[in-house]
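Visitor: I have the picture open, and I like to ask how each label was earned. Will you set every value against its cut-off for me?

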Amino acid sequence: MIIVFKPHPSDADIAQVAAKVVEFGYEPRVIRGVELTVIAAVGDEIAHKSLETLVSLPVVERVIPIQKKFKLASREFHLANTIQQIGPEKLGGGHFLTIAGPCSIESRQQLRTAVQDCLKAGIRVIRGGAFKPRTSPYDYQGMGQAGLDLLAEVKAEFGVGIVTEVLSSNHIAQVAAVADVLQIGARNCQNYSLLEQVAGAGRAVLLKRGMATRIDEWLLAAEYLIVHGCHNVILCERGIRTFETATRFTLDVSAVAIAKRETHLPVIVDPSHPAGKASLVLPLARAAIAVGADGLIVEAHPNPSEACSDAAQQIPSAEMPRFMAALQPLIDLCAPANANAAEGAAR
Ligand code: PEP
Ligand code: MN
């Protein structure tokens, strides 16, 4: 950290701050410039207590951290792109993975049809919410355990991988019994107690970025998961709140590039929730692939007009083969760059 003094500190002021720096476990190096005097505090900022409290001293102008706050998720810690096994598929390091399925599980027939349509499109990892985070308490809340049972059925019958959301720590064990990947939804991105508990479930975790979560906060949420024992974290950009109302959320493609550069984790994009309408999902998916995403998670429903949630944005599942065919040339062009860690770091 760098401690910047207010102009013209006395020798006693400098000595007092340097002593504090030593007390916190850092080595102080005083640098007297023409205009400003600073102390460079040498030491591991993650291992030691933060010096940011020194800003409360009357002689200190600013304290500037140098190290990134997250470590285990960072590319400095692990240069190569992490590759994960998700059900029958690989994700990351040049392995592009598309996950698709309905927003919510609504019935056996609905889920089976969606799965069969996805399989025809070459998609072998299925999404579907059994516990749904709905803005209104009067809206469809999901089938709960009955939905998990239907996921277990399609998993056994078709050998697909399963991604489904965990809303509450009460449900972790029952969701983990069927899911290959536990989804943490946008609304829980910074629910640190839930993150800590989900991390211990022995499953990969798909961490959606909160709609008002900064990139550094999102990456620190991933760090929570890793620190608490989850080594298969998947980052998912799903759009943020801005002043724009033409879309449901604003897909932040920059966040994908930054997360790829700063971390070794796979970064996927949900083009469905920012789109808010089915016709925008394909162009947003193209943007995601072009910016370097490692995969997509797409909402697809056998009959979107009858969907219990997110009806407008779900692609008719029968159209998934056409959707994937439209994306494949771009995936073939862009995904190989993700095999190379140096390219990821240079993004
Ligand atoms: C979902 O995937 O259906 C969902 C609720 O997503 P988000 O948490 O991104 O809103
Ligand atoms: Mn949804």
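Visitor: How does the lining of the largest cavity divide by class?
Guide: Two residues are nonpolar, four are polar and three are charged. The classes are fixed lists: Ala, Val, Leu, Ile, Met, Phe, Trp, Tyr, Cys and Pro are nonpolar, Asp, Glu, Lys and Arg are charged, and the others, Gly among them, are polar. Phe131 and Val163 of the lining therefore count as nonpolar. Arg127, Lys132 and Glu165 go to the charged class.

Visitor: What kind of model is this, and how are its parts numbered?
Guide: It is a predicted model: local features need pLDDT of at least 70 and side-chain atom pairs pLDDT 80 or more, while totals for chains, interfaces and linings use all residues. Residues are numbered from 1 along each chain as written, chains are lettered from A and ligands numbered from 1 in written order, and side-chain values use heavy atoms, without hydrogens and water.

Visitor: What makes a space a cavity and not a pocket?
Guide: Both are sets of points on a 1 Å grid over the protein atoms alone. In a cavity a 1.4 Å probe fits but cannot get out. A pocket is open, with protein on both sides within 12 Å along at least five of seven lines. The search of the whole structure finds one cavity of 30 Å³ or more. The largest cavity holds about 40 Å³. Strand S9 (residues 161-165) gives the largest share of its lining, three residues.

Visitor: How many residues line the largest pocket?
Guide: There are 20, and Pro133, Arg187, Arg248, His273 and Asp310 lie nearest its centre. Each lining residue has an atom within 4 Å of a point. By class, the pocket has three nonpolar, six polar and eleven charged residues. Its space is about 260 Å³, a volume filled by probe spheres set on points joined across faces, edges and corners.

Visitor: What makes an atom a donor to the manganese ion?
Guide: It must be an N, O or S atom within 2.8 Å of the metal (3.2 Å for Na, K and Ca). Cys103 (SG), His273 (NE2), Glu299 (OE) and Asp310 (OD) coordinate the manganese ion (ligand 2) at 2.1 to 2.4 Å. Those distances are within 2.8 Å, so these atoms count as donors. Water is not among the atoms, so a site may look incomplete. Along the chain the donors follow the spacing C-x169-H-x25-E-x10-D. Glu299 sits in strand S14 (residues 295-301), and Asp310 in the loop between S14 and strand S15 (315-316), eleven residues apart.

Visitor: Why are Glu299 and Asp310 called buried?
Guide: Buried means under 20% relative accessible area, exposed means over 50%, and partly exposed lies in between (1.4 Å probe, protein chains only). Glu299 has 0%, so it is buried. Asp310 has 15%, which is under 20%, so Asp310 is buried too. Asp310 also has a phi near 50°, a positive value in a residue other than glycine.

Visitor: Which other residue has a positive phi although it is not a glycine?
Guide: His8, at about 55°. His8 lies in the loop between strand S1 (2-5) and helix H1 (11-23). Its relative accessible area is 74%, over 50%, so His8 is exposed.

Visitor: What makes a polar contact between Arg209 and Asp252?
Guide: A polar contact is a pair of N or O atoms within 3.5 Å. Within protein, one must be able to donate a hydrogen and the other to accept it, and residues adjacent in sequence count only if both atoms are side-chain atoms. The side chains of Arg209 and Asp252 meet at 2.8 Å, within 3.5 Å, so the pair qualifies. The Arg209 side chain also reaches the backbone oxygen of Thr213 at 2.8 Å. Arg209 has 5% relative accessibility, so it is buried.

Visitor: How many residues surround ligand 1?
Guide: There are 13, and the closest are Arg127, Lys132, Ala186, Arg187 and Arg238. To be near, a residue needs a heavy atom within 4 Å. Polar side-chain atoms of Arg187 and Lys208 lie 2.9 Å and 3.0 Å from oxygen atoms of ligand 1. For Arg238 the distance is 2.7 Å.

Visitor: How many helices and strands does the protein have?
Guide: Eleven helices and 15 strands. They are DSSP runs numbered from the N terminus: helices (H or I) need at least four residues, and strands (E) at least two. Helix H2 (residues 108-120) holds Lys120. Lys120 has 63% relative accessibility, over 50%, so it is exposed. Of the 347 residues of the protein, 51% count as buried.
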